[in-house]
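Here is a short tour of how some strands and helices are put together in this protein. Have the structure open while you read.

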Amino acid sequence: MAFELGDHPTARRPIGDGAKNMRSAHVNGHGQVADYSKTGEFLHSLVFKDDIARRWREAAADPLRTYLLVEPPELRSVPWELMKYPKGRTLFTSPDRPFVRVDRFPHLDGPKDESDPLLPIRIMVVEGERDSAIGTATEVRAIKQALSATNGRIEAEYLKAPTKQRLIDAYRRLRPHVFHFVGHNTHDVNVDQLALRLRDNSRDLDEMITPGVLRLLQPAPRVAVLNACRTATADEFRALAECFFTDEPGADSAAAVIGMQGNVRGSAAARFGGAFYRALAKGMVIDAAVTVARAEVYEKGDALEDDGDWFLPVLTVRGDAEHVLRHRTALSQQDATTVDLTLTGKVGQFVNRVEERRRMIENLAPHDAAPARLVVVHGEKQSGKSSFLHWLRRWCALRGQRVKYVNLRDKDILDYSSALRAIRSTSEDLASLAPPVSRKSENAPGSVAAIEPNGHAPDDTAGRRSGSYFEPAEHRENAPPRHVVEEFASFFEDMKGSVSDSPLVLILDHLDGVVPVHFKSYFYPLFIERVIRGEVLDLRVIVTLDRNQSVSHWPAAQDRSTPQWIDVDYLDRDDFTELAEDAVLHFEGEFSEKDEALIERLAEYVDRLWEPSQLTLVTTLMRQGRRRAS
């Protein structure tokens, strides 16, 4: 189809100059000469001619996705997102009939299900520099606020003004599904290319993320969001957005890229980013999510059609839009609701802990190795270890992983036998994932299945041989008594049977609830060591220890410098401001300049190391302040 842009009033000359003039009028900051409504109608008239218009009208009663392939480079820079019906609504703001640009017509069969990731979707948000002029902090806060409502289904890692090497290292470690850049687009004179700018204001240092660096981000993200000015089109240089699409053998290509075709204001960028991730959290397909976000900018802009920010985001898809961020659903809707109701609240004030989360995931779901058999979570009292474990429970559950969380802290301290009963009697987080009970173990004393109505396994003390309590003195000194060995052997066989069909993550929290010598002398050699040796390969055991318990409950000879030991320490004073802000956004849903000022004042009184529970005090203060103000 030939587009005669010279017919448009702002073009005045044939197609090449016409496209440049239209871009100058509508995209490059010269809105005073632009008439968005008339231009939208004109662009609509170019595309929807004759047979195309007729066929599109015939499909108007049904939900419809329209792919727009623009091949001539000079036409790609035309703001097609402005298209609108004559004297009607704009086409690119209707989520039930989304429009999406493509770099080739898709094969609608898409990739196979095996290529779809399990939840959670991983996002890396890079704030190239903290710039109040364009509102980078406002956009990042909008993203955090939106993601707080996903209940763990989308998890993000945030980098603020990182070095180029730190960005590359963090990307390769996280392997995000979505790469989101917030900041400035500039020109690197050294290589004569467009680049994303990283600026450390404290050191007055600039670094450039050129197209060559972007191509080092492998495997490629499924989605790249470049919320910087003019990353979608450029007159002299290849658009940065296109760097994520490649046909190079052996290199991954992104499935979708969102860029900006002009200078977008910070308030509009924040509104777009927040609305986009809220839509993704609701399960929308990416083109519908972008359309909803664009519509929110359109509807809440300063002057609707006279406000040009809404059409600046450009979504380009390679392949079928339905498959871009599709993920494997490991849970039924009922189980997903159970996770939300029972686990999300327990996560509580758990924020950040990027390094700890990374190490746990690398232990339980490594890219190219077998999962760890034992992981020890270690730290001071009240450092947030249990909140970390509740996050882990939710992370596992969303992936369809069986989890049994056992709180060993009871009103009375537990001996080894009571502790074993507690483990046996505790239900898994999602009963539907647990294997059916075999008849063989249904009536076995003390077995996983033999649970009395009160929730405890029957006491099988009477069934033990009386002589088993009287071991020779030298045996008691060097090894557990025989009856203890036998009871642990029965327990271990039960555990082996319970994981014969599917793996189980067993979390043992609050070891201070167990007699120290019983755990150290019985649990460790008769259970933990057997797990470490691989005698039951599909059981992953997570144990928490505070500083005192690492001496009282754990063998001193056990190596504590391995990746399987994860320290969850008190938080650093330097992180208070950011973490308090995160907590307010998560629990209160908004963050104002008054909130920022209050947190800055509170930060002056924070100890060098502080407990995460202090975040509860911060959110309580904010809530009370809002009530008084209202």
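## Two sheets and a helix pair

Asp188 stands opposite Gln193, a residue of strand S7. Keep in mind that we are looking at a predicted model. S7 covers residues 193-200, and its antiparallel pairing with S6 runs over four bridges. Together with S8, these strands make an open sheet in the order S6-S7-S8, with antiparallel pairing. S6 (185-188) and S8 (205-209) are the edge strands, each pairing on one side only. From one strand to the next, the twist averages 50°.

Further along the chain there is another open sheet, this one with five strands in parallel pairing, ordered S13-S14-S15-S12-S16. Which strands stand at its edges? They are S13 (402-407) and S16 (565-567); each has a single partner strand, so one side of each is left without a neighbour in the sheet. The twist here averages 20° from one strand to the next.

The two sheets line up like this:

| Sheet order | Pairing | Average twist |
|---|---|---|
| S6-S7-S8 | antiparallel | 50° |
| S13-S14-S15-S12-S16 | parallel | 20° |

Let's zoom in on one end of the five-stranded sheet. S12 (residues 374-379) and S16 are joined by three bridges in the parallel sense. If you want a residue pair to click on, try Val377, whose bridge partner in S16 is Ile566.

Now bring in a helix. H18, residues 516-532, packs on this sheet and touches S12, S14 (504-509) and S15 (539-546). The direction of H18 makes about 125° with that of S15.

H18 also has a helix for company. Two packed helices are described by the angle between their axes and the distance between the axes. For H14 (residues 416-425) and H18, the axes come within 10 Å and cross at roughly 65°. Angles of 65 to 115 degrees count as roughly perpendicular, and H14 and H18 are therefore roughly perpendicular to each other. The crossing of H14 past H18 is right-handed.

Which residues meet where the helices touch? On the H14 side they are Tyr416, Ala419, Leu420 and Ile423, and on the H18 side His518, Tyr522 and Phe523. Sorted by type, the residues of this contact come out as six nonpolar, one polar and no charged.

So where does H18 sit, taken together? H18 touches S12, S14 and S15 of the five-stranded sheet, and H18 also meets H14 through His518, Tyr522 and Phe523.

Terms used:
Residues are numbered from 1 along each chain as its sequence is written. This is a predicted model: local features need pLDDT of at least 70, side-chain atom pairs count only at pLDDT 80 or more; totals for chains, interfaces and linings use all residues. Side-chain values use heavy atoms; hydrogens and water are left out. Two strands pair if DSSP finds at least two bridges between them. Axes are lines fitted to C-alpha atoms, for helices over the stretch in contact, and angles run from 0 to 180 degrees between N-to-C directions. Contact means heavy atoms within 4.5 Å. Angles under 35 degrees count as roughly parallel, over 145 as roughly antiparallel, 65 to 115 as roughly perpendicular and the rest as oblique. A crossing is left-handed if the near helix is turned anticlockwise from the far one by less than a right angle, and right-handed if clockwise. Ala, Val, Leu, Ile, Met, Phe, Trp, Tyr, Cys and Pro count as nonpolar, Asp, Glu, Lys and Arg as charged, and the others, Gly among them, as polar.
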